[in-house]
Amino acid sequence: MNALHLRASIVLLGALPLPAHAQVEPPSPDRVQAARAAIHPVASASEMQRWLARVPRTVDYPPDFEAALKGQGSAFVIEMSTAPGCLPCGDLWTKLLALKTRYGLTVRPIGREEAMLRSGRLGLPWIGHPVAWLHPVSDEARILPIAIGTDHPANLARNIYLGLKMQTGVRAAVGVRAMAKFTGIVAGGTASKERNRN
């Protein structure tokens with residue numbers, strides 16, 4: 001085989017795809033990448049509604065749903081982070097206030113710093129506003145996130161119910177699995193601004 005044929009053969013071999021076992025697999029996404037993929041910053045009401053339209057609504061509730069919320073809701077506090085001009089914050093706040101009226105819940109805002117501290121304690125990435133938390137009136141240390149981003153009223157009610165159950169003895173894994181469907185619909189640009197500050 002002359003030098004010209006040898007060079008041509010090497011070029012052709014280089015152009016062939018590698019066998020499957022020799023190909024390098026792309027690295028799996030890490031926690032930060034996964035968290036970013038679950039965040040949906042919105043800058044307009046229409047964009048927020050488009051994301052909400054993709055979120056499935058809870059339709060089935062357990063038999064004790066109403067009784068649990070009306071009977072135990074007053075023993076718990078729901079707090080949410082917020083920021084000026086945050087569309088999802090206003091949306092979540094309106095929905096929580098409607099649930100407050102219906103079930104006798106206590107709802108109040110918390111500041112950015114407190115929300116970030118709580119996220120850090122639970123190992124959650126700080127994604128921006130809004131984040132809603134539930135804790136017993138008598139114990140602020142026993143906090144659970146019940147919403148990360150705004151959501152449908154039916155899903156918020158479900159998460160409040162699950163939070164109450166988890167705080168009063170239901171196996172945590174049951175509640176965590178059910179509440180793992182946070183929407184991540186947050187204020188536009190908030191997540192990136194917060195990350196750049198840290």
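**Entry 1. Glutamine 167**

I began with glutamine 167, which counts as buried at 12% relative accessibility. The model I am reading is a predicted one. I located glutamine 167 in helix α7, which covers residues 153-167. I then looked up the partners of its side chain: a polar atom there lies 2.5 Å from the backbone oxygen of arginine 142. Setting aside neighbours within four places in sequence, I listed the contacts of glutamine 167 as Phe76, Leu134, His135, Pro136, Arg142, Ile143 and Leu144.

**Entry 2. The sheet**

I next turned to the strands. I found an open sheet of 4 strands, in the order β3-β2-β4-β5, with mixed pairing. Its edge strands are β3 (106-110) and β5 (144-148), each of which pairs on one side only. From one strand to the next, I noted an average twist of 25 degrees.

I then examined one pairing within this sheet. Strand β2 (residues 76-81) runs antiparallel to strand β4 (residues 131-136), and 5 bridges join the two. For isoleucine 78, I recorded leucine 134 in β4 as the bridge partner. Leucine 134 had already appeared in my notes as one of the contacts of glutamine 167.

**Entry 3. Salt bridges: arginine 102 with glutamate 66**

I asked how many salt bridges the model holds; the count comes to 8. One of them joins the side chains of arginine 102 and glutamate 66, with an N to O distance of 3.0 Å. Arginine 102 belongs to helix α5 (residues 87-103) and glutamate 66 to helix α4 (residues 65-72), so the pair ties together parts that are 36 residues apart in sequence. I checked the accessibility of each partner. Arginine 102 is exposed, with a relative accessible area of 52%, whereas glutamate 66 is partly exposed at 31%.

**Entry 4. Salt bridges: aspartate 91 with lysine 95**

I looked up a second pair, aspartate 91 and lysine 95, whose closest N and O atoms are 2.7 Å apart in a salt bridge. I placed both residues in helix α5, 4 residues apart, or about one turn of the helix. Are these two charged residues buried or exposed? Aspartate 91 has a relative accessible area of 15% and is buried. Lysine 95 also counts as buried, at 15% relative accessibility. Both values fall under the 20% cut-off for a buried residue.

**Entry 5. Salt bridges: other cases**

I noted a further salt bridge between the side chains of glutamate 113 and arginine 112, at 3.4 Å from N to O. Glutamate 113 is exposed, its relative accessible area being 52%. I also traced a network of salt bridges that links Glu79, Arg108, Glu114 and Arg118. By its number, Glu79 falls within strand β2 (residues 76-81), and Arg108 within the edge strand β3 (106-110).

**Entry 6. The chain as a whole**

I closed with the totals. The protein chain has 9 helices and 6 strands. Of its 198 residues, 40% count as buried. I looked up how its contacts are spread along the sequence: among those between residues at least 6 apart, 73% join residues at least 24 apart. For the accessible surface of the protein chain I recorded about 11,400 Å², with 61% of this area belonging to carbon and sulfur atoms.

Key
Residues numbered from 1 in each chain as written. Predicted model: local features only at pLDDT ≥ 70, side-chain atom pairs only at ≥ 80, totals over all residues. Heavy atoms only, no water. Salt bridge = Lys/Arg side-chain N within 4 Å of Asp/Glu carboxyl O. Buried < 20%, exposed > 50% of the residue type's maximum accessible area, 1.4 Å probe, protein only. Polar contact = N/O pair within 3.5 Å; in protein donor to acceptor, adjacent residues only side chain to side chain. Contact = heavy atoms within 4.5 Å. Areas by Shrake-Rupley, 256 points an atom, 1.4 Å probe, with all protein chains shown as cover. Pairing = 2+ DSSP bridges. Axes fitted to C-alpha atoms, helices over the stretch in contact; angles between N-to-C directions.
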